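Open the model in your viewer and show side chains as sticks. We will go from one selection to the next.

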Amino acid sequence: MATMNTVIESVDRLKPNAYTDEDKYKWINQLEGLVSVQVFEKDAPEYCLPDDADTPLLVGHPFDDIYELYVSAMIDYYNREYNNYNNAVLMFQERLDQFKKWYIQHNANKGGGYFRNVMG
């Protein structure tokens with residue numbers, strides 16, 4: 001599973017940048033909060049950074065690339081490379097939507113006990 005440190009290492013290797021690890025921790029933490037609230041419907045996890053930077057992130061393989069896409073998009077945004085940002089955000093959003101659909105499909109209430117046909 002991906003951790004904050006593995007995501008940062010990968011992004012720094014693929015997209016050299018001048019941003020600090022603290023900036024990237026913040027962005028990843030924001031995404032963790034978004035996923036936790038919007039997908040899992042739970043409170044956002046609280047990380048004590050950088051101590052918890054090797055804790056596995058919420059989204060696992062094969063969807064864990066959303067973290068790299070998000071951090072890359074934020075780098076482009078703060079570098080004012082808006083065309084690159086738009087492309088990265090579209091890729092991120094598509095991947096996040098795929099994860100949401102997968103999660104709902106595999107974690108929906110399978111009991112079906114709440115549906116009642118009232119039409120006969």
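Select K15 and D76. Their side chains form a salt bridge, with N and O 2.9 Å apart. This is a predicted model, so read each distance as a computed value. Now colour by secondary structure. K15 sits in the loop between α1 and α2, while D76 belongs to helix α3 (residues 65-78), so the bridge ties together parts 61 residues apart in sequence.

Switch on the surface. Which partner is buried, K15 or D76? D76 is the buried one, at 2% relative accessibility. K15 is partly exposed, at 22%. The cut-off for buried is under 20%, so K15 does not count as buried.

**Next selection: K24 and D12**

Hide the surface and pick K24 together with D12. They too form a salt bridge, and their closest N and O atoms are 2.6 Å apart. Follow the chain to see what is joined: K24 lies in helix α2 (residues 21-38) and D12 in helix α1 (residues 4-14). The two residues are 12 apart in sequence.

Check the burial of each partner. K24 is buried, with a relative accessible area of 1%. D12 is partly exposed, at 28%. Here the lysine is the buried partner, whereas in the K15 and D76 pair the aspartate is buried.

**Next selection: R95 and D65**

Move on to R95 and D65. What joins their side chains? A salt bridge does, at 3.0 Å from N to O. R95 is in helix α4 (residues 82-107) and D65 is in helix α3, so select both helices to view the link; the two residues are 30 apart in sequence.

R95 has a relative accessible area of 18% and is buried, because the limit is under 20%. D65 is partly exposed, at 26%.

How many salt bridges does a search of the whole structure find? The search finds 3.

**Last selection: D52**

Finish with another aspartate. D52 is located in the loop between α2 and α3. Its relative accessible area is 25%, which makes D52 partly exposed.

Show what touches it. Setting aside neighbours within four places in sequence, D52 is in contact with E46 and Y47. Then add N5 to the selection and draw a line between the two C-alpha atoms. D52 and N5 are 9.4 Å apart in space by that line, and 47 residues apart in sequence.

Key
Residues are numbered from 1 along each chain as its sequence is written. This is a predicted model: local features need pLDDT of at least 70, side-chain atom pairs count only at pLDDT 80 or more; totals for chains, interfaces and linings use all residues. Side-chain values use heavy atoms; hydrogens and water are left out. A salt bridge is a side-chain nitrogen of Lys or Arg within 4 Å of a carboxyl oxygen of Asp or Glu. Helices (H or I, at least four residues) and strands (E, at least two) are DSSP runs, numbered from the N terminus. Buried means under 20% relative accessible area, exposed over 50%, partly exposed in between (1.4 Å probe, protein chains only). Contact means heavy atoms within 4.5 Å.
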